[in-house]
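These are my notebook entries on a single structure. I took up charge pairs, a pocket, a few single residues and the overall make-up in turn.

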Amino acid sequence: MSPGSVATVCKRLFLASAWLAAMPFYSQAADLLEVYQQALERDPVYRAGMFEYEASKEIYTQARAVLLPSLQFDYSKTKSKQDIVSSDNTVFAKGRTSFPTNEQSLSLTQSIYSYSNWAYFKQAKAEVRKVAADLENVRQDLVMRVASAYFTVLRENDSYQAVEAEVKALEKHFQLVDREFANGLANSTDLLDAEARFMQAKARQIETANTLHDALQGLKEIAGKLPDNLDALGQNLVLQRPDPTRMDSWVNDAQANNPVVLSRQSAVDVAWQEVRRQKGGHYPTFDLVITQSTKETGGSLFGGGSEIDSQDVLFQMSMPLYSGGAVSSKVRESINRHYKAQDELELALRQVARETQAAYTGVVSSISKVNALQKSVETYEKAAEVKRTAFESGVISSGSVLDSERELFIARSDFSAARYDYLMNHLRLKRAAGSLSEADIVGINRLLKGDSLSTDTKALLAFGAEF
């Protein structure tokens, strides 16, 4: 590429960057809490969990119904035609008639004792506890997904700003080498190296713009729509260790309150009541049935019609004797499913303990990492400035300057990622302990004191297409 064409590209880069920097910013920007509240109304995953909860908790009403009285009304109307074919009655030796019959009855049935029904009722209560824990798990998962998507946008925006700063620095350096080459003060190798590094950085800038665009779409996927702007993280991030400070306390809380563990515990109860319910297939049941009926007949072959009221009280016992081995088979099946539920609970307890420990150590280590990377950025910024001055004085080579700019970009990107990792590890720790709530979102909102980030995805796509 000739110096003239490079100059043209540089001009276009400058104009494009200026255009991006001039994208409109609005006084009102959405913060993490607003995006979360929007996701509560629009996120399909959370809404599906809500509907699943509302549907599943109806099992309690259904199980209670089998213990309560049931009332049934029956009505029938029959049109009868009768012919006497033969009869020993000399008076009614032959004849034909037709008449209606109306019959109605009201029956009340009350289960007096059923081992299976009572087990089913207790099973339903355990099932309601399980779906409540599942819903809480979905809600806490929504907090994590919103925070992760939000921080991904901010992190990618920080990366874009870092690579943009690198591009500007390499552009300035390339222009300097180009002038020195024109004056015979730099060789062609330095010029080509400066040009190649500059173009590589520009390619990374375009790639970062695309990644930022995808991150914005990921946030939109959860929240349903994007606000015009998002609040960014402030420069001064206060780093705090977990409270309580002992890891064992967090693990104990997690194994007692984590919604996945609570769901698995309820699943064990559900499975055990299923064992009892199936065993009830061997036991007798007792029911009380009270029936009030009226039968009105319009006539008959042997006389006039009649209207008869009757009341019946039935005490019924039903004793299953043999069903081809089906009941015993279902009992064995439910016992094995109960064992399976117990093992799944044990697995959940172990996983939660590991996740809690990982999140705890993640918070502690990320504090040191953020502090170290902040100092690293400050050092690389000073080193890059010194090397630029040294190159202009002819003390060091162009390659040293280019290397320092690349190292500064990496340090800035790593520092940005470490800050968001610190926040996410805090949320993961609360998530593992089962205490993650909207209050944690409110706490993070207090840290969002940076400049607003525009969510104008059209500008990002247009920027990528510009080159």
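**Salt bridges**

I searched the whole of this predicted model for salt bridges and obtained 18. I then looked up several of them one by one.

I began with Glu54 and Lys57, whose side chains meet at 3.2 Å, N to O. I asked whether Glu54 is buried or exposed, or in between. Its relative accessible area is 34%, so I entered Glu54 as partly exposed. Lys57 has a relative accessible area of 28% and is therefore partly exposed.

Next I took the salt bridge between Glu381 and Arg412, with an N to O distance of 3.4 Å. Which parts of the chain does this pair tie together? Glu381 belongs to helix H9 (residues 326–392) and Arg412 to helix H10, so the bridge ties together parts 31 residues apart in sequence. I noted Glu381 as partly exposed because its relative accessible area is 35%. Arg412, with a relative accessible area of 26%, is partly exposed.

The third pair I looked up was Lys430 with Asp440, a salt bridge of 2.6 Å, N to O. Lys430 sits in helix H10 and Asp440 in helix H11, ten residues apart, and the pair links distant parts of the chain. Is Asp440 buried or exposed? Asp440 has a relative accessibility of 14%, and the cut-off for buried is under 20%, so I entered Asp440 as buried. Lys430, at 26% relative accessibility, counts as partly exposed.

I also recorded a network of salt bridges that links Asp43, Asp141 and Arg145.

**A buried acid without a partner**

I then turned to Glu180, which lies in helix H5 (residues 115–182). Glu180 is buried but has no salt bridge. How far away is the nearest side chain of opposite charge? That side chain is Arg179, at 7.4 Å. A salt bridge requires the nitrogen to be within 4 Å of a carboxyl oxygen, so the Arg179 distance of 7.4 Å does not qualify. Leaving out residues up to four places away in sequence, I listed Leu185, Ala186 and Phe391 as the residues that Glu180 touches.

**The second largest pocket**

I looked up the second largest pocket and noted a volume of about 400 Å³. Its lining has 16 residues, and those closest to the centre are Gln240, Tyr422, His426, Lys430 and Asp440. Lys430 and Asp440 are the two partners of the 2.6 Å salt bridge entered above.

Which elements give two or more residues to this lining? They are helix H10 (398–433) and helix H11 (438–445). H10 supplies the largest share, six residues. I sorted the lining by class and entered nine nonpolar, three polar and four charged residues.

**Ser159 and Ala203**

I returned to helix H5 for Ser159, which is found there. Ser159 has a relative accessibility of 15% and therefore counts as buried. What does Ser159 touch, if residues up to four places away in sequence are not counted? I listed Thr208, Phe409 and Ser413.

Ala203 is in helix H6 (residues 188–223). I entered Ala203 as partly exposed because its relative accessibility is 45%. I also looked up the separation between Ala203 and Val163, which are 40 residues apart along the chain. Their C-alpha atoms are 9.8 Å apart.

**A cis peptide bond**

I noted first, as general background, that most peptide bonds are trans. The bond that joins Asp243 and Pro244 is cis, with omega at about 10°. Where is Pro244 found? I placed Pro244 in the loop between strand S3 (229–230) and helix H7 (247–257).

**Overall make-up**

I closed with the values for the protein as a whole. I counted twelve helices and six strands. Of the 467 residues, 40% count as buried; Ser159 and Asp440 are among the buried residues entered above. How much of the contact set with a separation of 6 or more comes from residues 24 or more positions apart? I entered 85% for that share.

Definitions and conventions
Residues numbered from 1 in each chain as written. Predicted model: local features only at pLDDT ≥ 70, side-chain atom pairs only at ≥ 80, totals over all residues. Heavy atoms only, no water. 1 Å grid on protein atoms, 1.4 Å probe; cavity = no way out; pocket = protein on both sides within 12 Å on 5 of 7 lines; lining within 4 Å. Points joined across faces, edges and corners; volume = space filled by probe spheres on them. Helix = DSSP H or I, 4+ residues; strand = E, 2+ residues; numbered from the N terminus. Nonpolar A, V, L, I, M, F, W, Y, C, P; charged D, E, K, R; others polar. Buried < 20%, exposed > 50% of the residue type's maximum accessible area, 1.4 Å probe, protein only. Lys, Arg positive; Asp, Glu negative; His and termini not counted. Contact = heavy atoms within 4.5 Å.
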